[in-house]
There are 6 protein chains.
Amino acid sequence: MTSTRPSGRSANALRDVRITRGFTRHAEGSVLVEFGDTRVLCTASVEESVPPFLRGKGEGWVTAEYGMLPRSTHTRSAREAAKGKQSGRTQEIQRLIGRSLRAVVDLKALGERQITLDCDVLQADGGTRTAAITGACVALHEALDKLVAAGKLPANPMRERVAAVSVGIVDGQPVLDLDYAEDSNCDTDMNVVMTASGGIVEVQGTAEGAPFSRAELDALLALAERGIGELVEAQGRALAA
Amino acid sequence: MTSTRPSGRSANALRDVRITRGFTRHAEGSVLVEFGDTRVLCTASVEESVPPFLRGKGEGWVTAEYGMLPRSTHTRSAREAAKGKQSGRTQEIQRLIGRSLRAVVDLKALGERQITLDCDVLQADGGTRTAAITGACVALHEALDKLVAAGKLPANPMRERVAAVSVGIVDGQPVLDLDYAEDSNCDTDMNVVMTASGGIVEVQGTAEGAPFSRAELDALLALAERGIGELVEAQGRALAA
Amino acid sequence: MTSTRPSGRSANALRDVRITRGFTRHAEGSVLVEFGDTRVLCTASVEESVPPFLRGKGEGWVTAEYGMLPRSTHTRSAREAAKGKQSGRTQEIQRLIGRSLRAVVDLKALGERQITLDCDVLQADGGTRTAAITGACVALHEALDKLVAAGKLPANPMRERVAAVSVGIVDGQPVLDLDYAEDSNCDTDMNVVMTASGGIVEVQGTAEGAPFSRAELDALLALAERGIGELVEAQGRALAA
Amino acid sequence: MTSTRPSGRSANALRDVRITRGFTRHAEGSVLVEFGDTRVLCTASVEESVPPFLRGKGEGWVTAEYGMLPRSTHTRSAREAAKGKQSGRTQEIQRLIGRSLRAVVDLKALGERQITLDCDVLQADGGTRTAAITGACVALHEALDKLVAAGKLPANPMRERVAAVSVGIVDGQPVLDLDYAEDSNCDTDMNVVMTASGGIVEVQGTAEGAPFSRAELDALLALAERGIGELVEAQGRALAA
Amino acid sequence: MTSTRPSGRSANALRDVRITRGFTRHAEGSVLVEFGDTRVLCTASVEESVPPFLRGKGEGWVTAEYGMLPRSTHTRSAREAAKGKQSGRTQEIQRLIGRSLRAVVDLKALGERQITLDCDVLQADGGTRTAAITGACVALHEALDKLVAAGKLPANPMRERVAAVSVGIVDGQPVLDLDYAEDSNCDTDMNVVMTASGGIVEVQGTAEGAPFSRAELDALLALAERGIGELVEAQGRALAA
Amino acid sequence: MTSTRPSGRSANALRDVRITRGFTRHAEGSVLVEFGDTRVLCTASVEESVPPFLRGKGEGWVTAEYGMLPRSTHTRSAREAAKGKQSGRTQEIQRLIGRSLRAVVDLKALGERQITLDCDVLQADGGTRTAAITGACVALHEALDKLVAAGKLPANPMRERVAAVSVGIVDGQPVLDLDYAEDSNCDTDMNVVMTASGGIVEVQGTAEGAPFSRAELDALLALAERGIGELVEAQGRALAA
């Protein structure tokens, strides 16, 4: 079948994925992740204390913050620091990133420390939250490796890797890894977060226009599973490099 | 099989659902919805203007706000108005309610007016967001009926009803309509929003502990479909009353 | 003399007063108070600690917060949590409720604990602050009774009950317990808070239009005294139930 | 009877009152008012437009803002601009000042302009709100006189002057114009706002400790009436100077 | 050369400088400083503790806050406390005042206490930040003298006095101590902070229109040095009084 | 003389300077500027309208915003968007960048449009504000070139380039372009902004420890002039590429 996607990709093709470790030098983990023209800088910062609700419980915490540079987008968006508050969308995304990563880390094994993943979008072309999860997982792995190397942890407490991808129905066709042109024009949009072994961590599907059917949901999940398999491989290559 | 649910319900049973119209008298639509001990007051307010981004486009808008009374919960939560900001959770929920309702309303047919659904939790026992969507749909229907009765609209622009329910895996068992005791103890939590005709509007599934499998996802969706069918019937009875 | 009040009430008549205990189930005290169509939910929450300025002094504290649901009013008011701050009116009212209740509680006998009264207006038709004080007194009494029953206090530290009512001059006539139609149209508006034994706790009189005379002030105080007597009886019946 | 007041004043004596016009030079009205050691700078600023809710109605508006310099008090108070919000007390006071002044101005005669009274406490020793009302009335009069002089108004739209004083019960004795030592130690505190002709604009009485009786209320009102008579004369002298 | 300055001053002349100690009575140091029509109230408040970042280090801290009364200016400016935030300009100025004073105080000798200088502009006519630094130095000296007198410090830890003045190029001519008429019309504006012994603490020069040359910079610095010499003398006279 | 600088640079040597155009693709101008390990992304966004205070005046505006990614620094700094406000330091820097750029642009020739320069620090190692000015000038030039190319402007309204560098006294020695190790350890820190033709736009010198002398100021200005000459050349090469 001939692709009708703006990018010429076939329905089940990811964009070019690049995961660059060590993009900045101060953070314990620092990764630039690119899904095509979407570029997100993910840094992991280790702090030897936990938030008040966990103190004295012998467990660690993994959390995330998300932001977009004002001109990462086609037209300039107001700077959230200048507006004095984070939008509902920003808060939704950073809560999603944090939950996704906590799902694959043994927090008891991490001990009483907190790791914060900052995911800052340098350039946006759709799929920033899925790229952020995928890149943050690598940055977090890097930071945990350093704790092991420093003798602070006996073994890396990440049980397996986690990655995320968007899928959607565009012009009636289920497609994988939507770019901005598709994202702003789709009927249904779904973000799926899965582990390397195929466990589902999050599914968030939204009908933008008409409701979708159970059959469409199934087709989207199949596409997502395939895409996440490739992303987990890319993560593995980046960590092995 | 014998139920192991704290409430003694069978796995596929909703709590007692009560939908009371006209609970307060100023709003164009006013509904008290109860899912067992969860009680949410949903009011619909009609305004003859639209937000700036829609002005002059000949379309209407439906939006929602959500809040919990400070002592709707087991222990008192700080009042968001006193803290000076709404939590990320509150914003996520009110965005979800708004999207769910817009999915079933013909906004062009609504004309240049906005309807705001205020969903305020008087008492919380799990499932406040799904109760809110289910009740707000009735309050919105009521308000739209009044616009028709007043000659402002030729017909009610709600295409079909929408309702929501939570499903989850508790102690390894998929169950429908979790109460607080189950919600705070489940492995996987999913909120499903569907229309009367079975179209899916939103699926939000989250692994609280271990990731979940595709088979578990399928079982949860089947439970949700059944529950939403009953909720849509309850909505119908309330509107017919 | 024939009444000219919109409601047909005589000048010295209260609206129907209903005080319903146990309206919600989580709070230590929970009361729905109704002055005619004005309905306020008052909950009392006990916390076993005091604010910083009282720590270590062996005294307790009673405080209040007040809010109106956005569509408790004739036209929708913006949600204070969404605006990010409480209005001056809200702050005035919650300070008044707190002061009124502290005037009848022996804070030393309460010990180092704080009780917060949340007064949330479900439906407004004038006199929300006076209804709130009257209902909150009952919710507070309920919570204190539970502390006695639990053996945490030897006796209820509320010295006597306190209630409040509005009085005003409408079309030249002093009247008791103004509803919204009167309140928005009066020349002078006064809120009076008194104890069961007739002690004055607060008097707040405001000329909305022309200043008022000393004789008018005296007439209003007499009306208030009568109304508060009836309210204190209603509180007693509710507590005895 | 021998005075027991810390200042040696008799029970019905005001502190030394000084009203200095033209204290600063940019404002249309600028008055330093002193009640003993309490010093408040009151400026009136005229703006040739009204707030949105009054546009096109042919009426003016008078409003007030209140602030305390951080070290106007015995110990330094945090700067409200630095904290990012005005306290409930500040808002209560500025609403009171605005209402008190509007009660004596013919807003229709003022025309579509707004006058803002800024009342900033340079030094506090009790009674800052009553000094502010008394001084702001003179600053407002000055500003209105300038509008007349400039031919923008045919006559001064202030119907009569308004002044305010505090009264209270200290050690069982009703006294006039409490200073800080008395204010922080009184049983009952009342602020009274009256016009030159003796009309009551506001009465705000609060039992700080035990409730007060009707007889005490009467005694306090008599003291206040006497004090306000003297303040209105002082205003007259300042305006005649 | 004939002066062309609006005030008739020669290019190297300060405005009349008045430094009045003891302007208010609660603060440990209280100074009204006047540079012509610019009037700033500077108070010093001593607190026997330090901010968290200094705790346990055996050093003190000196900090400053700055504000303008709303009608200190030609047209009324919005009150920062009402807007809920301090402007960038306010923050710049208060940071500058704090740095300037810390440069002349031996913070170790001060011990673990903090002194806050509140600089509030009662009337503005240009040069408020330089007047504030000059006056705050005297208020700080006064407060430190009191600590010595109280036996809390063996000697005054201020090493030498510090003062500030503005210089600028107006109509091509370098001039000293710009008033508002000059300030709003100058090409280059420079604020210089120097110690009594001629050490430079801060230089902040800004080209408002065309860039300025090195020769102009030198001329401005010479003017500033002369002006600061006179200001330091005025400070000395005030402290000796 | 042997260098004692941590980096081994001679006293008058800049760090490696790299200016990369087109770093991101949506903005009208997009530049990554690097001063050694300091990396700042500068984007220019053109908007065809001006802020309210300039409407209808036939002039344009150039403004800037500044931010640091949370982990651009050695230890993580709190995200300003999460804290809900920009620090005083951030506001000072963005005001400085804006003023510096406006000094070299003919705002009348720009016409009624605004250009916003967003300067976001990806990695910080001292001198972020001077790198930001230097890079933002190139991004602004790029955006203005595009307006010329699009026929919206007859010629580029930037009169000449502007660049900035820090100088300071470290261990008694005047040095150029301080990195973080020097910056956190210097006695005097000065930022200088100059045009290509040597005009001074801003000089901001601060004594961090002891005051500095006029001779030291002169030495620092000479170093800065040399450094800015090299930076202007680097800008030229980037724009010619």
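With which residue does E:Asp218 form a salt bridge? In this predicted model, in which local features need pLDDT of at least 70, side-chain atom pairs count only at pLDDT 80 or more, and totals for chains, interfaces and linings use all residues, the partner of E:Asp218 is E:Arg214, the closest N and O atoms being 3.3 Å apart. Residues are numbered from 1 along each chain as its sequence is written, chains are lettered from A and ligands numbered from 1 in the order in which they are written, and side-chain values use heavy atoms, with hydrogens and water left out.

A salt bridge is taken here as a side-chain nitrogen of Lys or Arg within 4 Å of a carboxyl oxygen of Asp or Glu. Side chains of opposite charge can pair when their charged atoms come close. E:Asp218 and E:Arg214 are both placed in helix 6 (residues 214-240) of chain E, four residues apart, which is about one turn of the helix; helices (H or I, at least four residues) and strands (E, at least two) are DSSP runs, numbered from the N terminus. Residues are called buried under 20% relative accessible area, exposed over 50% and partly exposed in between, with a 1.4 Å probe and protein chains only. On this scale E:Asp218 counts as partly exposed because its relative accessibility is 25%, and E:Arg214 is likewise partly exposed, with a relative accessible area of 29%.

Over all chains, a search of the whole structure finds 139 salt bridges. One of the pairs is formed by the side chains of A:Glu65 and F:Arg79, at 2.9 Å from N to O. This pair crosses between chains, running from A:Glu65 in strand 4 (residues 61-68) of chain A to F:Arg79 in the loop between strand 4 (61-68) and helix 1 (80-83) of chain F. A:Glu65 is buried, its relative accessible area being 18%, and F:Arg79 counts as buried at 9% relative accessibility. A salt bridge also links C:Asp120 with B:Arg79, where the closest N and O atoms are 2.9 Å apart. C:Asp120 lies in strand 5 (residues 114-123) of chain C and B:Arg79 in the loop between strand 4 (61-68) and helix 1 (80-83) of chain B, so the pair joins two chains. C:Asp120 counts as buried, at 5% relative accessibility, and B:Arg79 is buried too, with a relative accessible area of 8%.

Within chain A, a network of salt bridges links A:Arg5, A:Arg9, A:Arg15, A:Asp125, A:Asp177, A:Asp179 and A:Glu182. A negative surface patch is formed in addition by A:Asp171, A:Asp183, A:Asp187 and A:Glu208. Patches are made of residues with over 30% relative accessible area and no salt bridge, like charges being joined within 9 Å and nonpolar side chains (Val, Leu, Ile, Met, Phe, Trp, Tyr) within 5 Å. Of the patch residues, A:Asp183 is found in helix 5 (residues 180-183) of chain A and is partly exposed, with a relative accessible area of 31%. In chain E, E:Asp183 is placed in helix 5 (residues 180-183) and counts as partly exposed at 30% relative accessibility. E:Asp183 and E:Gly127, which are 56 residues apart in sequence, are 8.3 Å apart in space from C-alpha to C-alpha.

Backbone geometry was examined at position 171 in chains C and F. Most residues other than glycine have a negative phi. Phi of C:Asp171, by contrast, is near 50°, a positive value in a residue other than glycine; C:Asp171 is found in the loop between strand 6 (162-170) and strand 7 (173-176) of chain C and counts as exposed, at 64% relative accessibility. F:Asp171 has a positive phi of about 50° although it is not a glycine, lies in the loop between strand 6 (162-170) and strand 7 (173-176) of chain F, and counts as exposed at 63% relative accessibility.

Chain F also contains F:Gly84, located in the loop between helix 1 and helix 2 (88-102) and partly exposed, with a relative accessible area of 27%. The C-alpha atoms of F:Gly84 and F:Gly58 are separated by 35 Å, the two residues being 26 apart along the chain.

Finally, two copies of a chain are related by a rotation about an axis and a shift along it. A turn of 180° and a shift of 0.0 Å along the axis lay chain C on chain D with an RMSD of 0.0 Å, where copies are superposed by least squares on the C-alpha atoms of residues with pLDDT of at least 70 in both. The two copies are therefore related as by a two-fold rotation axis, and in chain C the C-alpha nearest the axis is that of C:Gln204, 2.2 Å from it.

Key:
Accessible areas come from the Shrake-Rupley method with a 1.4 Å probe; for residues, only the protein chains shown count as cover. Lys and Arg count as positive and Asp and Glu as negative; His and the chain ends are not counted. The place of a charge is taken as NZ of Lys, CZ of Arg, CG of Asp or CD of Glu.
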